[in-house]
Amino acid sequence: MIDEMNDDRRGFLKCMAWAGTGALFAFDGGIGSSIGLDAALAAPARRAAVAPFTFAQVSDSHIGFNKPPNSDARATFREAIAKVKALPQQPDFIIHTGDVSQLSRDDEFDDADQMLKATGLPVFFVPGEHDMLDPDGGKAFLDRFGKGSRGAGWYSFDHRGVHFVALVNVADLKPGGMGNLGPEQLKWLAADLAGRSSSTPIVVFAHIPLWTVYAEWGWGTDDAAQALKLLARFGSVTVLNGHIHQITQKVEGKIAFHTARSTAFPQPAPGTAPSPGPLKVPTEQLHSMLGITDALFVRGHDRIALIDSTLA
Amino acid sequence: MTRALKILTLQAAALASSAVLLSTVSVVTRAAPAPAAAAVTIDNFTFRNPVVTVKPGTTVTWTNGDDIPHTVVSKNGVFKSKVLDTGDKFTFTFAKPGQFGYFCSLHPHMTGTIIVKA
């Protein structure tokens, strides 16, 4: 029934939108619509109602970054965490979509770890390219944040009927290329998804976007199409990424893509600057360009509402 | 400090700065006939001079001018820098002729080539 409804409306919203401050987006089996949080909660459930749960996404904390426009990325990360703790409904857990640190230094990882532990919430990580800079190419990150993961740090878990998949697309990058998952991880993903019912809602998170936002700046993943092919049969797939320090979104078929703001510094919109380096905004503007994402899952609706809010 | 010593110190400083000037000039004049050094600047997520041709024995120095860290990694394992933060340098001396492609392992769309020929 739900699948039929989705089929009728599939492709209705095949677009990319640049979102503003505090926007709220709901995804229903791949159909994106802008709704209010209250409306999402109050909408009648089509199936047996299950208490909604939320999880929060933080990204690109770059602990150790101290150049314009942000002289202290630790301070803004602390503010972002305070924002998570102040959410009206406490999230069940936090995901961090990479670039935890600026230079993979132990003190950077440790500070991020301590700040996140203080929330008392479970935290699930994937590495960004900044987390792979120790001499052993990511071992420092994996030792601390990747326990129980495979390969370069990928894993999956289930939470209240939703299947979460953490992918790594920043390891062993190829000259001239973009993000890369690699054959070993794709093989694992195929096996991980193989036995699951197509009605299982899926949330995939990885650092670099799993669709090509802007190839000239390497903002995409070379072999993402192979992963998306494996996900295509599922009725509700949400892909959460970071890396580009701004909100972008796109809905294609039943897959909804979303990138989160950084908690450290903004980056320019694709092609609007000579390079993707930090956008040097005035101090008074900085907080309005940093933020967190709150994801609300209402099981009865197979729906995720993603609420982006800034640190302003 | 006595007055005499102060003057001596000043003279020493003046000598030192002229020595720096002299050495700078000597590097510039020496560069054309027998190149032993070349530089690649990293700027705006690009290797500013992506193809550099040098003679065998040349030491190439890469300097990161960006606010974001980069690396310099040979495509076939000949050389590999540590992470270069803002202002950090990496040098490598190319003893033998050949073509040496390289890239930034963080931002792999950044690529360059050093051509070494006699």
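**Strands, crossovers and a contact between two chains**

In chain A of this predicted model, strand 8 (residues 162–166) lies parallel to strand 9, and four bridges link the pair. Within this pairing, Phe164(A) of chain A faces a partner in strand 9, namely Val203(A). The route between these two strands passes through helix 6 (residues 183–194) of chain A, and strand 8, helix 6 and strand 9 together form a right-handed β-α-β unit.

Strand 9 of chain A also has a second partner to consider. Strand 10 (residues 237–241) of chain A pairs with strand 9 in the parallel sense, again over four bridges, and here Val204(A) stands opposite Val239(A). From strand 9 the chain crosses to strand 10 by way of helix 7 (residues 224–231) of chain A, in a β-α-β crossover that is right-handed.

What, then, covers the two faces of strand 9 is a matter of its own residues' surroundings. Strand 9 spans residues 202–205 of chain A, and both of its faces are covered. On one side Ile202(A) and Val204(A) are buried, and on the other Val203(A) and Phe205(A) are buried as well. This arrangement can be read against a general pattern: in a regular strand, side chains alternate between the two faces of the sheet.

Attention now turns to chain B. Here an open sheet of four strands is found, with the order 2-1-4-6 and mixed pairing. Strand 2 (46–47) and strand 6 (89–94) of chain B are the edge strands; each has a single partner strand, so one side of each is left without a neighbour in the sheet. Strand 2 of chain B runs antiparallel to strand 1 (residues 37–43) of chain B, and two bridges join them. Across this pair, Ile42(B) is set opposite Phe47(B) of strand 2.

The two chains also touch each other. Chain B contributes 17 residues to the contact and chain A contributes 16. On the chain B side, seven of the residues are nonpolar, six are polar and four are charged.

Finally, a word on confidence. The model has an ipTM of 0.81 and a pTM of 0.82. For chain B the mean pLDDT is 82, with 70% of the residues at 70 or more. The stretch of residues 1–31 of chain B has pLDDT below 50, and beyond near neighbours in sequence it makes one contact in the model.

Note on methods. Residues are numbered from 1 along each chain as its sequence is written. Chains are lettered from A and ligands numbered from 1 in the order in which they are written. This is a predicted model: local features need pLDDT of at least 70, side-chain atom pairs count only at pLDDT 80 or more; totals for chains, interfaces and linings use all residues. Two residues are in contact if their C-beta atoms, placed from the backbone, lie within 7 Å. Ala, Val, Leu, Ile, Met, Phe, Trp, Tyr, Cys and Pro count as nonpolar, Asp, Glu, Lys and Arg as charged, and the others, Gly among them, as polar. Two strands pair if DSSP finds at least two bridges between them. A residue is buried if 20 or more other C-beta atoms lie within 10 Å of its own, exposed if 12 or fewer, and partly exposed in between; C-beta atoms are placed from the backbone. A crossover is right-handed if, with the strands pointing away from the viewer, the path from the first strand over the helix to the second runs clockwise. pLDDT is the predictor's confidence in each residue, from 0 to 100.
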